[in-house]
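Colleague: Could you walk me through this protein? I would like short answers that show the reasoning.

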Amino acid sequence: MTATLDPEYRQKLLDRFLRYVKVDTRSDEASETSPTTEKQKDLSRMLAEELRELGCDDAEMNEWGIVTATVPGNHPAADTIPTIGLIAHVDTYFGTSGENVQAKIIESYEGGDIELNSDQVLKPADNPNLEKCIGHTIIHTDGTTLLGADDKAGVAEIMTVVEWLRDHPEFEHGPIRIAFTTDEEVGKGTDHFDVEAFGADYAYTLDGSDLGEIEDETFSADTANVTIEGHDVHPGYAKDKLVNALRVAAAIIEGIDQRWLPETTEEREPYLHPYIASGNVTKVDLKVLVRAFSVEKLHEREEHLKEVIAKVGERFPKARIKVEFEESYRNMSYKIREDPKVLDYALEAVERIGVTPKRQAIRGGTDGARLSYMGLLTPNVWAGGQNFHSVREWVSLEWMSAAVLATLEILQVWVEKSA
Ligand SMILES: [Zn+2]
């Protein structure tokens, strides 16, 4: 890495991050409310307030806990420069405790094991990125909670960008819109996101992991809803009559090609993932996630599932089996390819700060994928966090600082290409 962030802002970035991780902002998958937990607003409120202190007069939090703010363009030709959105999410993962987070800091990591507590140790063998972070400031947990770098690293980075811009009026940029969203971890991060009101032409989420990572591809995703109707009869008198929907479901699950499961695939391979089966002898609802990068591969997997169901249907002719495919989201690269400069400028900016950009495909979805289909192209930039959703979560302050620099450089590239 050649360019480095001024030590003053590096310190401010750290202070912000440590302040934000103290706020428990776990969202809740089981909740029906919006936001799914009120406590997410504790951080949102803080951020809106801090943004106002940083000079964003219009900073506000809405009823869903989403914070928005504007950094007006200061370039003489600002109205010819596209408005760039910077987005991160305030909530953390519901499945791991996020209460009373005790962040620990190693000022200059020398390599080797990091003991979190008597049970939990971070080992370079399981965390190859630790070796790349020798000499860095490492922030980790006490091994009992998550850290919340996903995505408070992104939040702190964007806030530091805003502060840096306020202190450097000589740095000319176009209009910038900031958004901090809620409920990303439960897949509802964009449910109340008003793309039109946000008013950005292009955006970036700071929610990725490793230094240099730019993600412009996500899975394409469908859910298969399989309904199986059996025929219940008193089991003592069931010979040649009983059709057990549970056994039919088991046969379908077992019939799926073992080579195409989440536990047997990686990188660009698609999968089928039976993840919910509920019911009884009479009726079973089976849900299967279908995931692939291309829509063609997605449909291939769906055809396979249909074939499995047809075969099982022959074995259980009296069972009634139906399958319906429900679209969840599509690979955002289909959209980004229509106007690839949003990606190209980010890759150029990363190179300019002396980091090798790594284009990554996410084996999942992002808020950016949904936003891209809502009309706001939004690739994902690294935020630095490692071991997301785990008590072994950690982050390098240097990788966070590099994300701040990369974001500033992205703004610079947009000016050069547009003004
Ligand atoms: Zn995240």
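Some questions and answers on the structure follow.

Colleague: How many helices and strands are there in the protein?

Modeller: Keep in mind that this is a predicted model. In it, the protein combines both kinds of element. The count is 11 helices and 18 strands.

Colleague: What radius of gyration does the protein have, and what would a compact globule have?

Modeller: The chain has 419 residues, so a compact globule would come out near 22 Å. The protein agrees with that, as its radius of gyration is 24 Å.

Colleague: What share of the residues is buried?

Modeller: A residue is buried if its relative accessible area is under 20%. Among the 419 residues, the buried share is 56%.

Colleague: Which charge has the higher number of side chains, positive or negative, and how far apart are the centres of the two sets?

Modeller: There are 44 positive side chains and 77 negative ones, so negative has the higher number. The centres of the two sets lie apart by 7 Å.

Colleague: How are the rings of Tyr93 and Phe94 arranged: stacked, edge-to-face or tilted?

Modeller: The whole structure holds 7 aromatic pairs. In the pair of Tyr93 and Phe94, the centres are 4.7 Å apart and the planes make an angle of 45°. Stacked needs under 30 degrees and edge-to-face needs over 60, so this pair is neither. The arrangement is tilted.

Colleague: Is Tyr93 buried, partly exposed or exposed?

Modeller: Buried means under 20% and exposed means over 50%. Tyr93 has a relative accessible area of 24%, so Tyr93 is partly exposed.

Colleague: Which residues do ring pairs link into a cluster?

Modeller: Here ring pairs join residues into a cluster. Its members are Tyr202, Tyr345 and Trp414.

Note on methods:
Residues are numbered from 1 along each chain as its sequence is written. This is a predicted model: local features need pLDDT of at least 70, side-chain atom pairs count only at pLDDT 80 or more; totals for chains, interfaces and linings use all residues. Side-chain values use heavy atoms; hydrogens and water are left out. Helices (H or I, at least four residues) and strands (E, at least two) are DSSP runs, numbered from the N terminus. The radius of gyration is taken over C-alpha atoms; the globule rule is 2.2 Å times the number of residues to the power 0.38. Buried means under 20% relative accessible area, exposed over 50%, partly exposed in between (1.4 Å probe, protein chains only). The place of a charge is taken as NZ of Lys, CZ of Arg, CG of Asp or CD of Glu. Rings of Phe, Tyr and Trp (its six-membered ring) pair if their centres lie within 6.5 Å; planes under 30 degrees apart count as stacked, over 60 as edge-to-face and the rest as tilted.
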